[in-house]
Amino acid sequence: MINTDQSSAGKPSIFVTRRWPADAEAELSQYFIPTFNLDDRPLSAAEMAAGFASHDAIAPTVSDKIGADIITAGANGKGRLIANFGVGVNHIDLGAAAAAGIAVSNTPGVLTDATADLALTLILMLSRRAGEGERELRAGEWQGWRPTHLMGRALQGKTLGIIGMGRIGKAVAQRAALGFGMKIVFYNRSRIDDISAYPARQLDDVESVCQIADCLSLHCAASADTFHILNAERLAMMKPDAYVINTARGDVIDETALAAALSAKQLGGAGLDVFQGEPVIDPVLLAAPNTVLLPHLGSATIETRTAMGLKVVENACAFFAGQPLIDPV
Ligand code: DGY
């Protein structure tokens with residue numbers, strides 16, 4: 001199941017928790033002795049702990065919980081680096097890594113466009129009722145074209161609110177403003193001064209963005225500060241026909257409150273690519289009306305997933321060459 005290729009002895013070893021695109025695995029194999037999870041099944045904490053302890057590095061991904069137990073096992077064995085395949089690191093106990101002297105890297109930048117494209121996919125699917133339409137057609141229930149059938153809403157002139165104006169937030173804003181004629185308002189902890197290609201207004205608080213947005217898209221990293229940043233109180237401030245889009249992390253939305261707001265028609269709809277506790281989806285969310293739910297596909301293009309793997313390789317190469325990490329966390 002797990003294969004260790006010992007043919008390139010002398011190179012650092014790396015334990016890879018899930019399969020990567022072929023080109024990225026090939027690149028990794030040039031510089032490291034990799035152990036691949038050939039079955040591509042989720043590994044247990046005990047398997048990852050044993051893997052990290054017996055390799056110089058571990059390359060986990062966003063669905064692996066890398067807790068203190070795994071980090072300690074690694075540090076007590078051979079492990080020196082956690083080279084994460086993904087930009088989000090909320091699944092890694094960074095405090096435990098720092099305490100154990102284990103370095104951590106991630107893969108920022110290369111998944112910006114893919115994730116922004118997926119946020120726009122969700123916005124369009126909701127506003128044009130594409131999910132509903134496809135379900136109706138496949139169920140054999142389409143009764144033909146008629147002027148009032150499945151009318152959605154135009155994006156032109158509507159206001160997109162963004163929470164978290166980092167790389168992905170900006171890429172979404174650019175697409176929405178320049179591609180679809182939307183107005184942009186956003187909240188970001190620090191002042192953003194480098195947007196000039198399209199009009200965008202930074203507001204002072206999350207509440208102001210919630211109140212004004214026809215569509216609210218979350219792009220903040222998951223942290224203690226952003227846990228349930230979209231909560232019942234803020235949902236209640238939104239327009240009754242507004243959409244909520246989440247391609248960031250499930251933790252940033254109170255899903256129970258979101259499902260309740262949808263059911264009570266206090267909100268127009270939600271497009272979600274990430275979930276608290278994924279891959280298990282809260283049944284209240286599954287039952288909520290007017291949702292488009294995707295299985296964490298934000299970065300899922302062959303180009304992006306390959307680039308993410310190559311970023312892991314670059315970081316691990318730098319680390320084992322004694323150079324600073326390119327993307328330290
Ligand atoms: C990440 O890298 O954090 C993304 O969520 C994966 O798509």
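A polar contact here is a pair of N or O atoms within 3.5 Å; within protein, one must be able to donate a hydrogen and the other to accept it, and residues adjacent in sequence count only if both atoms are side-chain atoms. The model is predicted, so to speak for local features pLDDT has to be at least 70, side-chain atom pairs count only at pLDDT 80 or more, and totals for chains, interfaces and linings use all residues. Residues are numbered from 1 along each chain as its sequence is written, and side-chain values use heavy atoms, with hydrogens and water left out.

**View 1. Polar contacts to the ligand.** Ser 299 puts a polar side-chain atom 2.7 Å from a ligand oxygen. For Arg 249, a polar side-chain atom sits 2.6 Å from an oxygen of the ligand. Val 87 joins in through a backbone N or O atom, 2.7 Å from a ligand oxygen. Taken alone the ligand exposes 230 Å², and the protein buries 91% of that (Shrake-Rupley, 1.4 Å probe).

**View 2. The shell around the ligand.** Among the residues surrounding the ligand (a heavy atom within 4 Å) are Val 62, Gly 86, Leu 111, His 296 and Met 308. The shell splits into 4 nonpolar, 4 polar and 1 charged (Ala, Val, Leu, Ile, Met, Phe, Trp, Tyr, Cys and Pro are nonpolar; Asp, Glu, Lys and Arg charged; the others, Gly among them, polar).

**View 3. Where domain 1 touches domain 2.** An automatic or database assignment gives domain 1 (2–110 + 302–320) and domain 2 (112–293). Their contact (heavy atoms within 4.5 Å) takes 7 residues from domain 1 and 5 from domain 2. Between the two domains there are 2 residue pairs in polar contact, both at pLDDT 80 or more. On the domain 1 side, the touching residues are 3 nonpolar, 4 polar and no charged.
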